[in-house]
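Morning, everyone. Let me put the model up, and then we'll walk through it.

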Amino acid sequence: MPDSSACFIDSEKAVKMSVEEVFNKIDCTDKGLTSKEAEKRLSEFGKNAIEETKNSSLLMFLKFFWGPIPWMIEAAAVLSLIACDWSDFGIIVVMLVFNALIGFWEEHKASNALEALKKGLALKARACRDGSWREISAEELVVGDIIRVRLGDVIPADSKLIDGEYLSVDQAALTGESLPVNKQKGDVIYSGSVAKQGEMIAVVVATGGNTFFGRTARLVAGAGNISHFQQAVMRVGNFLIGLSISLCIVLSAVVLYREHIASGTINIQELMRLAKFVLILAIASIPVAMPAVLSVTMALGALAMSKRKAIVARLQSIEEMAGVDILCSDKTGTLTKNELTLGDPLLFEAENAQECVLGGALASKAENNDAIDLAIIEGLKDKSVLKKYEQTGFTPFDPVSKRTQSTVKNSQGETVYYTKGAPQVIIEMSDLKDEVKQDADSKVKYLAEHGYRALGIADSKDNKTWRLLGIIPMFDPPRDDSKETIKQAREHGLQVKMVTGDDVAIASEISGQLGMGTRIQAAADTFKDVDPEKVPTQLAECIERADGFARVFPEHKYGIVKALQKRGHIVAMTGDGVNDAPALKQADAGVAVSGATDAARAAAALILTAPGLSVIIKAIETARKIFERMTSYTTYRIAMTIDVMVFVVLAMMIFPKVPGTETLFRPLTPIMIIVLALLDDIPIMTIAYDNAKVSKDPVRWHMGRVLGVSTSLGAFSVIQTFGLLFVGMMYMNRDLFGQLIMPQHLQTMIFLQLVVGGHLMLFVTRAKKMFFMPPFPDARLFWAIIGTQVFAAVMCGFGWLVPRLSWQLIGLVWVYNIIWMFVLDVVKLIVYRLLDMDALHQRGFIRRQRSILHHYSHHHLHQ
């Protein structure tokens, strides 16, 4: 019985070991295991399945009620409950649960990726137990089992081939190789791949999580990246919460000291009024609706993207797509068609290209569904010509002879032999002069250096003397739209890197054709003895400079994404196979292309339903528009919170009493604050439809920039509101535009000013240029704002819930706010100009530092 260290053999090590060494290592023979021994190993080392740690769904849900923003919302709910304010309590609880449900759904998706990977495993296997062959569940396979693999089987575990002629295996879903791989005795076959031709016997060397397939699943389970959207929401929320609480504490402390402690009297009724006022002010200022508003904005964006053939599986991926600056693209089936295509044949004895292709087609058998055979037959311009020939014999490809051969009767009844296969083999068996043979060899070498697969074609009348008809180059051509897509990607500020399981020459050729560059690195060499989780800084820089990667395994793709993220990039990864799943999940924006496997779709954040990468460019354009809308809302929300909170607190500190009375001054009543909060949220929801400009460069949350603009606008808005307050104070108890100004009328003026000024400020924050320049507001946003303005004016004009104002005074407030709208727009432009100058200065400084560092490292390397 093997010890725990010998419970499996890593597939890469098994390749280098002989069959006898494998038998010795795992303590078995070619006769298989006994049922007793198999049960013992199964109980000790576990089932041939992907292990998954099950988390309680309830605990997963409850954790979304824990954190700074949930704490404050919960505190507001408790305070509303104590104050018996049931309407506020209900609204706050609904928002709290809604936000938790969104987070829970996103978390739940991780298990879907593992479930999809499980479905890829074989369900049954033929194993030799107790000296006889039997069909058992693939889960019951253990290391040391002898299994039989034949045409159509899904390989149940990593195994080493020990007997049989040959096996053709499709590993595309695992390694990305576009053609089936021919295996023979001594080779290793991987769990999850599919047998396409042949039949062989193998010994199981690794099961479950220790297989090549299992390591992919472990990477998926461990992969994941905190959304920049989540980070931004937390930072904005914490800022607003901190500001609101601080100002509420200051206000409470000042009023308590001035009205109660300093006077030596405590008025319980006044204390209750103060508590209620501060409570409502805090609730109105806490960004309870902010996550929901941003989520609705992204959800509507997701609907728009679905109409462009891009299904959003994770809402936050929209914001991530807007900021992507590096796109890692799988080659096979993504940049290329995943279809073998024939190049122009290099002719030797054949009179024309079609004669050469016909020879290859006659050495093929369509019924075998072999990718090369089908491609050759498809290369015939007139397939009806095959009806003139009768194939009387056919020898399929095997890894020993490396060719196929057929016996054919032509229309004259003559027997002719045709063969196709590895060009070196066909050249060697053909009757060629030395100089012709050298020419043929050099052409084959040239094709290999340029990434083409080559196929030699020959015919013979006696099965002894062969004529070399020609050499047919084969390649997987780029998609028709790939080059244009790459060009568009670069115009959008995206660097595209190819990632493929094919060889360096093939990757370099395709990459060059698409204009992606030819600096291709062999990932197997780049990541040799390197933990993908801990990529050294120097290697990360090397990965950052490369144009693409060839000979890539799943952990390499995962490591490439991790390394680029370590260098500060927001990374999108496209793919379609099981091998792409870990990197798709780790990437900031994982994209499963059209026709992707279930595992890739489950791990991805964006699923394309149309072929090619052109859909991604449209998705990025949409994502950047959505990002602009979210930035507009965030800037507006912060500025409004500053305006309301700072103004109310400062006004109550500066004016302890209503002028000419002993009544405590309140710039707004509690009902006004509630109505103000409700009216603010109505037009905000329609910002999801707003017309936004598409940035030419990747965009991401620059909180310093957002806070700089919003704080400046908020500060000037406070000045704006105080300006109207001072006008009202000047005319207190006097006639202004036919209205006798009383303290309660002053409150209505301030209320109307905050509604009008706040909504007009939304027009200011939505644009980087002057607010009256295109892109103009969407009709839904425009009329939602106008509608709330009209409603607020009617409220004040007819005295609904607030003291009535004259229509002349309402008009004065409107004119005042329109003038200030232009002032705030100028402030915005100045702040943006200053921030842009600072950003340019910082970028120049960073470039100089990098140049110095590069020069030093280059000099140090030469020394």
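What percentage of the 863 residues in the protein is buried? The answer is 52%, where buried means under 20% relative accessible area with a 1.4 Å probe, protein chains only.

Some housekeeping. This is a predicted model: local features need pLDDT of at least 70, side-chain atom pairs count only at pLDDT 80 or more, and totals for chains, interfaces and linings use all residues. Residues are numbered from 1 along each chain as its sequence is written, and side-chain values use heavy atoms, with hydrogens and water left out.

Now the overall picture. The protein has 30 helices and 24 strands; these are DSSP runs, H or I of at least four residues for helices, E of at least two for strands, numbered from the N terminus. Take the contacts (heavy atoms within 4.5 Å) with a separation of 6 or more. Of these, 73% join residues 24 or more positions apart.

On to one sheet. It is open, has eight strands and mixed pairing, and reads β8-β22-β21-β20-β9-β17-β19-β18. Pairing takes at least two DSSP bridges between two strands. At the edges sit β8 (310-312) and β18 (520-522), each paired on one side only. Neighbouring strands are turned by 20° on average, direction ignored; axes are lines fitted to C-alpha atoms, for helices over the stretch in contact, and angles run from 0 to 180 degrees between N-to-C directions.

Look at the β18 edge. β18 pairs with β19 (548-550) in the parallel sense, over three bridges. Q521 stands opposite F549 in β19. Helix α19 (504-513) packs here, touching β17, β18 and β19, at about 160° to β18.

Last, helix α25 (614-654). It lies across β8, β20, β21 and β22, at about 140° to β22.

Notes: Buried < 20%, exposed > 50% of the residue type's maximum accessible area, 1.4 Å probe, protein only.
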